[in-house]
Amino acid sequence: MSDTSPAVHLVSHPLVQHKLTLMRQKDRSTNSFRRLLGEISMLMAYEVTRDMPTQLIDIETPLEAMKSPVIDGKKTVFVSIMRAGAGFLDGMLNVVPGARIGHIGLYRDPKTLVAVEYYFKMPQDMHERDAIVLDPMLATGNSAVAAVDRLKETRPRSIRFVCLLAAPEGLKNMQAAHPDVPIYTAAIDRELNDHGYIVPGLGDAGDRLFGTK
Ligand code: URA
């Protein structure tokens, strides 16, 4: 992993921006919200994997033999931060079907505000894998920082962070704590409100995704 300042990649593709606008609408159904997140995930997978290493393999076209590039999807691990990170998984796996999946569950202790881990499961041989951490909302950044802290203990070959919306506070936190982790986001919103929600935002991503409110 590089030790230079991290890049923040704003995925400004019109298809992503259009779908994000639809997702922000408060009357959008759970079904539609989930489908749109799936579609955006595929488009963001395209960006986050742009510089994935490829290797040449020998194949035969109907006309002749040739060497042609392939990626090794098994070297990629998508790490979903529970629970909203799950909304990114299907779309990403459509594009990189050979990827493995890890899960991190964290909650914030209401008294100490410390992130407490309740679940952590990664594939074997993390040192051979490129980790792509998924969480739709980078709000305070506290859980993202804690998740990446924990993930680094497994020594993956590289780590990238993908979200749908980022607040300036969350970006600042992540960049201070993990300057080696590039961040991919579809938008950087204005601020966090007093309840820790991103504004204008899209509300609680987990509730909207799973229909729990
Ligand atoms: N998590 C969410 O789901 N939404 C926010 O706005 C902030 C954190």
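# Exercises on a predicted model

Asp204 touches Arg83 and Tyr197, leaving out residues up to four places away in sequence. The model is predicted. The exercises start from Asp204 and work outward.

**Exercise 1. Place Asp204 in the fold and describe its surroundings.**

Solution.
- Step 1: locate the residue. Asp204 sits in the loop between strand E14 (198-199) and helix H6 (205-210).
- Step 2: classify its exposure. The relative accessible area of Asp204 is 26%. Buried means under 20% and exposed means over 50%, so Asp204 is partly exposed.
- Step 3: look for a polar partner. The Asp204 side chain reaches the backbone nitrogen of Gly206 at 3.0 Å.
- Step 4: place one of the contact partners. Arg83 lies in the loop between E4 and H3.

**Exercise 2. Which residues surround the ligand, and which backbone atoms make polar contacts with it?**

Solution.
- Step 1: list the neighbours. Met137, Ala139, Gly196, Tyr197, Ile198, Gly203, Asp204 and Ala205 are around the ligand.
- Step 2: take the ligand oxygens. A polar backbone atom of Ile198 is 2.8 Å from a ligand oxygen. For Ala205, a polar backbone atom is 2.7 Å from an oxygen atom of the ligand.
- Step 3: take the ligand nitrogen. A backbone N or O atom of Gly203 lies 2.8 Å from a nitrogen atom of the ligand.
- Step 4: quantify the cover. On its own the ligand has 230 Å² of accessible area, and the protein covers 81% of that.

**Exercise 3. Compare the UniProt "binding site" annotation with the lining of the largest pocket.**

Solution.
- Step 1: read the record. The unreviewed UniProt entry annotates Arg83, Arg108, Asp135, Pro136, Met137, Leu138, Ala139, Thr140, Gly141, Asn142, Ser143 and Asp204 as "binding site".
- Step 2: check the pocket. Of these residues, its lining includes Arg83, Arg108, Asp135, Met137, Leu138, Ala139, Thr140, Gly141, Asn142, Ser143 and Asp204.
- Step 3: pick out one annotated residue. Asn142 belongs to helix H4 (residues 142-152). Asn142 has a relative accessible area of 30%, so it is partly exposed.
- Step 4: find its contacts. Beyond neighbours within four places in sequence, Asn142 is in contact with Arg108 and Asn173.

**Exercise 4. Which residues of helix H3 are buried, and against which elements do they pack?**

Solution.
- Step 1: identify the buried residues. In H3 (residues 86-95) they are Gly87, Phe88, Leu89, Gly91 and Met92.
- Step 2: name the helices they pack against. These are helix H2 (30-48) and H6.
- Step 3: name the strands. The buried residues of H3 also pack against E4 (76-81), E5 (100-108), E7 (130-134) and E9 (158-162).

**Exercise 5. Find the cis peptide bonds at Arg83 and Pro200, and the positive phi values at Asp125 and Arg155.**

Solution.
- Step 1: recall the background. Most peptide bonds are trans, and most residues other than glycine have a negative phi.
- Step 2: inspect omega. Met82 and Arg83 are joined by a cis peptide bond, with omega about 5 degrees. The bond from Val199 to Pro200 is also cis, with omega near 5 degrees. Pro200 is in the loop between E14 and H6.
- Step 3: inspect phi at Asp125. The value is positive, near 55 degrees. Asp125 lies in the loop between strand E6 (115-121) and E7. At 38% relative accessibility, Asp125 is partly exposed.
- Step 4: inspect phi at Arg155. The value is positive, about 55 degrees. Arg155 lies in the loop between H4 and E9. Its relative accessible area is 64%, so Arg155 is exposed.

Terms used. Residues are numbered from 1 along each chain as its sequence is written. This is a predicted model: local features need pLDDT of at least 70, side-chain atom pairs count only at pLDDT 80 or more; totals for chains, interfaces and linings use all residues. Side-chain values use heavy atoms; hydrogens and water are left out. UniProt positions are given in the numbering used here, feature names are shortened, and annotations may be inferred rather than shown by experiment. On a 1 Å grid over the protein atoms alone, a cavity is a set of points where a 1.4 Å probe fits but cannot get out, and a pocket is an open set with protein on both sides within 12 Å along at least five of seven lines; lining residues have an atom within 4 Å of a point. Helices (H or I, at least four residues) and strands (E, at least two) are DSSP runs, numbered from the N terminus. Buried means under 20% relative accessible area, exposed over 50%, partly exposed in between (1.4 Å probe, protein chains only). Contact means heavy atoms within 4.5 Å. A polar contact is a pair of N or O atoms within 3.5 Å; within protein, one must be able to donate a hydrogen and the other to accept it, and residues adjacent in sequence count only if both atoms are side-chain atoms. A residue is near a molecule or strand if one of its heavy atoms lies within 4 Å of it. Accessible areas come from the Shrake-Rupley method with a 1.4 Å probe; for residues, only the protein chains shown count as cover.
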